[in-house]
Amino acid sequence: MLTAEDQLAIESQLNDFLRKSEAQWSALVDKGGNLFAQSGNTGSLDLSILSALAAGSFAATHELARRLGESEFSALYHEGHGHHILMSALHFECLLVTVFGERTNIGLVRFYAQQATSALNGHLRQAHEKEVRMDPLALEGDFLSDTAAIS
Amino acid sequence: MAFINYSSREIQLKIVYYGPALCGKTTNLITLHEQVTHAQKGELVSLATDADRTLFFDFLSLNTKTLPGFTTRFQLYTVPGQSIYNTTRQLVLKGVDGIIFVVDSHWERMADNVESFANLQENLVENHLSLVQIPYVLQYNKRDIPNAAPINYLEFTFNNRANRALAFEAVASTGEGVLETLNACARLLLAKYSKTPNSNVAGIAPTASVPRSGASMRGGAVA
């Protein structure tokens, strides 16, 4: 659960990370594939799909690493011809997904990603503590009627 | 677990189609991608082998305005049905909010159906979840085949419990029962956010509180 305040703080952190690292796009995604917050530009790419695939890719590689006895696995890097992806594990079952191009390099992106990871973990902790204290979302209606939710 | 973003007024819910190999999970998503016209839908993504067998998952995102003041984003996933991909199924179940278990109506596939249903419960435990916590719906698919198992047999095998799950007959390849199944699962998930929630809705919808059609018919709820 993210409040408007949490969202602003996280997006501000992502903006700062993009500015310093000169990466193209960065997002906070959970390991279930939900997109929480994002910054930057991916053109016409469907961000839901990007998030689902990133989470799936990270989960598969993480599981592979775990079975190889690698317990300190915390980041995943895919190198392409023009675009590259860095995924970094965060606390609270989240990931920092970064897409970058030729304007920068993996060393720079990784360096600033580590800083961003630490700050984002702080924001996630605050959001989590807030969530525990908040009343659950409650809306009018029972939603069990025959009205189709999806059509 | 559902993600609520108060800033963008969006709720994201993850529904996973589960079931044995070749029972019609991917066909459900393909049909939904064709049938859904009002909800804003994304591209259907399939991570499959060259022989069109699901390797990792299929994914389809649907945005609706069902909840007042919120956009509801349903993220639909399938799992690979083949037994060798169990670890992948565990990964896809991460963060699941609702499950649609697809049963293959072929007599000769009953053992696979039962094994898959047991496997679902085991994999939920691996994710620290259970069918008591996660709303789920049953879909008896392939009702058009000549040697389909009778509905009362399927109900006895998969739905023989105090709190029965909603169950739907379907022919996913023609679209019969596909939207009905998804909507039943979606309504169970949305009901969690009602100010007057049904106390039984968090897990399995009880027969008395959820409208069911009186007759057992293709595309309708099983009475």
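In which sense do strand β8 and β9 of chain B pair, and over how many bridges? The views below take up this pair and other parts of a predicted model.

**View 1. Strands β8 and β9 of chain B.**
The two strands pair in the parallel sense, over 4 bridges. Strand β8(B) covers residues 136-141. Strand β9(B) covers residues 166-169. Across the pair, Tyr140(B) stands opposite Glu169(B). The connection from β8(B) to β9(B) runs through helix α4(B), residues 151-158. This β-α-β crossover is right-handed.

**View 2. The two faces of β9(B).**
Leu166(B) and Phe168(B) point one way from the strand. Ala167(B) and Glu169(B) point the other way. Are these residues buried or exposed? All are buried. Glu169(B) is thus named twice in these views: as a buried residue of β9(B), and as the residue opposite Tyr140(B).

**View 3. Helices α1 and α5 of chain B.**
Helix α1(B) spans residues 25-35, and helix α5(B) spans residues 178-190. Two packed helices are described by the angle between their axes and the distance between the axes. Here the axes come within 10 Å. They cross at roughly 95°. The range that counts as roughly perpendicular is 65 to 115 degrees, and α1(B) and α5(B) are therefore roughly perpendicular to each other.

Which residues make the contact? From α1(B) come Asn28(B), Thr31(B), Leu32(B) and Gln35(B). From α5(B) come Val178(B), Leu179(B) and Leu182(B). By class, the contact holds 4 nonpolar and 3 polar residues, with no charged residues.

**View 4. The buried residues of α1(B).**
Lys25(B), Thr26(B), Thr27(B), Asn28(B) and Leu29(B) are buried, as are Thr31(B) and Leu32(B). What do the buried residues of this helix pack against? Their partners include the strands β2 (10-18), β4 (45-48) and β5 (54-64) of chain B. Strands β6 (71-78) and β7 (98-104) of chain B are also partners, and so is α5(B). Asn28(B), Thr31(B) and Leu32(B) are buried, and these residues also meet α5(B).

**View 5. Gly69(B) in its loop.**
Gly69(B) sits in the loop between β5 and β6 of chain B. Why does Gly69(B) count as exposed? The residue has 8 C-beta neighbours inside 10 Å, and a residue counts as exposed at 12 or fewer. Arg9(B) lies 60 residues from Gly69(B) in sequence. In space, the C-alpha to C-alpha distance between them is 6.9 Å.

**View 6. The sheet of chain A.**
Five strands form an open sheet with antiparallel pairing. Their order is β2-β1-β5-β4-β3. Which strands stand at the edges? They are β2(A), residues 35-40, and β3(A), residues 75-79. Each has a single partner strand, so one side of each is left without a neighbour in the sheet. From one strand to the next, the twist averages 10°.

**View 7. The edge strand β3(A) and its partner.**
Strand β3(A) pairs with β4(A), residues 84-89, in the antiparallel sense over 5 bridges. One residue pair marks the register: the bridge partner of His78(A) is Ile85(A) in β4(A). Helix α3(A), residues 106-133, packs on the sheet. This helix touches β1 (25-30), β3, β4 and β5 (94-100) of chain A. The directions of α3(A) and β5(A) make an angle of about 150°.

**View 8. Where chain A touches chain B.**
In this view, 32 residues of chain A are in contact with 42 residues of chain B. On the chain A side, the elements that give two or more residues are α1 (4-21) and α2 (47-67). Which element gives the most? It is α2(A), with 7 residues. By class, the chain A side has 16 nonpolar, 9 polar and 7 charged residues.

**View 9. The two chains overall.**
Chain A has 3 helices and 5 strands, in the pattern α-β-β-α-β-β-β-α. Its C-alpha atoms fill a box of roughly 55 × 35 × 30 Å along the principal axes. Of its 151 residues, 37% are buried. Chain B has 5 helices and 9 strands. Of its 223 residues, 49% count as buried. Among contacts with a separation of 6 or more, residues 24 or more positions apart account for 52% in chain A and 68% in chain B.

Technical notes. Residues numbered from 1 in each chain as written. Chains lettered and ligands numbered in written order. Predicted model: local features only at pLDDT ≥ 70, side-chain atom pairs only at ≥ 80, totals over all residues. Buried ≥ 20, exposed ≤ 12 C-beta atoms within 10 Å, placed from the backbone. Contact = placed C-beta atoms within 7 Å. Nonpolar A, V, L, I, M, F, W, Y, C, P; charged D, E, K, R; others polar. Pairing = 2+ DSSP bridges. Right-handed = clockwise from strand over helix to strand, strands pointing away. Axes fitted to C-alpha atoms, helices over the stretch in contact; angles between N-to-C directions. Parallel < 35°, antiparallel > 145°, perpendicular 65-115°, else oblique.
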